[in-house]
Amino acid sequence: MIIIMKPQAADTSINAVSNYITGSGLDVHLSKGTEVTIIGVVGNKSLISADVISSMKDVERIVPVTESYKLSNRKFHPDPTSITVGNTQIGPENLTIMAGPCAVESEEQLLEIAHAVKASGATILRGGAYKPRTSPYSFQGLEEEGLRYMQTAKAETGLSTVCEVVSLEAINAAAKYVDMIQIGARNMQNFMLLKEAGRSGLPVLLKRGLCATIDEWLNAAEYIMAEGNPNVVLCERGIRTYETSTRNTLDLSAVPVLKEKTHLPIIVDPSHSTGHYKYVPSMAKAAIAAGADGLMIEVHNDPAHALSDGPQSLTCEKFDRLTGELKPFCEIVNRSFK
Ligand code: PEP
Ligand code: MN
């Protein structure tokens, strides 16, 4: 449930309600807006009395939250959340571009791409060091060596960095070198990994599972947040359908649906969703129009020889052309970019 306090409720009244709830063994999540304060309740509600709360000073009304996700629920936190990643912010007013290679292949490769994407307007460098590949014989990533190159790229360019993690060991390594960890589509319901990501306290980019519903995805975010880590960003990367013309089907309608259901920022990945570099620009623009807070785009200096996901990677030149075309789309939706 959420408890909506009267406009300009006194702090003493807010504290009295909070203390009643925490004193009964439940958790409180406070959302103080400009006008109204909302007290979100997490835990076993049979331990508290709605009648007692309703009769407390400055309580306006109680609204039940029927969804199983609470901390990620927009009812708990009506204002959109902004997440800090290194020296940049994701949501709600700017367009954040994360770009870089699918996999970190060498220091040279990463630095060349990092400088190029920075010059084109990206603020976060992506690069996989642990690659969850379909085949065990495909390139699996440079692991900690790749993370070290990410750190060098950050130092050289000032870009913030994000890298996928696939295990607790990878989380601990990533914490030393990058600003944000990514939970990939294949691990979206790896609940132990979600809990560890929550305990790490690091900002988490949570990609949508290959076949996950939006509610399952928000429950995955809840796993991270329930460990005390509010720094979650969602990434729509396409879902599996019967359509084979594209690698996945980009569910752009997820963006407005999520805007209604959650306060967390939403990034769209037109690269993994389409699987073809030539479809990336149109879907990137459509994502902005749909209300996305950012884009994640795979960029490679030599896609033909990329060790993973070459066909969907933009060259640095194509990426630069694309970012040069995004401004009017941002202006239409009142989003700042560059
Ligand atoms: C990636 O971003 O490199 C990746 C593997 O994406 P996904 O988990 O969406 O397939
Ligand atoms: Mn990839």
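In this predicted model, an N or O atom in the side chain of R186 lies 2.9 Å from an oxygen atom of ligand 1. Two further polar contacts to ligand 1 are listed with it below.

| Residue | Atom of the residue | Partner | Distance |
|---|---|---|---|
| R186 | side-chain N or O | oxygen of ligand 1 | 2.9 Å |
| K131 | polar side-chain atom | oxygen of ligand 1 | 2.9 Å |
| A185 | backbone N or O | oxygen of ligand 1 | 2.8 Å |

On its own, ligand 1 has 290 Å² of accessible area, and the protein covers 96% of that area. The residues that surround ligand 1 are R126, K131, E164, Q182, G184, A185, R186, K207, R237, H272 and E298.

H272 and E298 also belong to the metal site. The manganese ion (ligand 2) has as protein donors C102 through SG, H272 through NE2, E298 through OE and D309 through OD. These donors lie 2.0 to 2.3 Å from the ion. Along the sequence, the donor residues follow the spacing C-x169-H-x25-E-x10-D. C102 and D309 are 207 residues apart and link distant parts of the chain. C102 sits in the loop between strand 7 (96-100) and helix 3 (107-119), while D309 sits in the loop between strand 14 (294-298) and helix 11 (316-324). Both C102 and D309 are buried.

Helix 11 also holds T323. Because its relative accessibility is 2%, and under 20% means buried, T323 counts as buried. The T323 side chain reaches two backbone oxygens: that of S120 at 2.8 Å and that of D320 at 3.1 Å. With neighbours within four places in sequence left aside, the contacts of T323 are I97, S120, F337 and K338.

I97 is also a contact of L295, a residue of the nonpolar interior. The largest nonpolar core has 75 residues, and L206, L234 and L295 have the most contacts inside it. Helix 7 (residues 214-225) supplies the largest share of this core, namely seven residues. Leaving aside neighbours within four places in sequence, L295 is in contact with L95, T96, I97, M98, I267, V268, A284, A287, I288 and L326. Another core, of 13 residues, lies apart from the largest one and includes M5, I14, I21 and I48.

Note on methods
Residues numbered from 1 in each chain as written. Chains lettered and ligands numbered in written order. Predicted model: local features only at pLDDT ≥ 70, side-chain atom pairs only at ≥ 80, totals over all residues. Heavy atoms only, no water. Core = buried A, V, L, I, M, F, W, Y, C linked by side-chain atoms within 4.5 Å. Buried < 20%, exposed > 50% of the residue type's maximum accessible area, 1.4 Å probe, protein only. Helix = DSSP H or I, 4+ residues; strand = E, 2+ residues; numbered from the N terminus. Contact = heavy atoms within 4.5 Å. Donors = N, O, S within 2.8 Å, 3.2 Å for Na, K, Ca; no water. Near = heavy atom within 4 Å. Polar contact = N/O pair within 3.5 Å; in protein donor to acceptor, adjacent residues only side chain to side chain. Areas by Shrake-Rupley, 256 points an atom, 1.4 Å probe, with all protein chains shown as cover.
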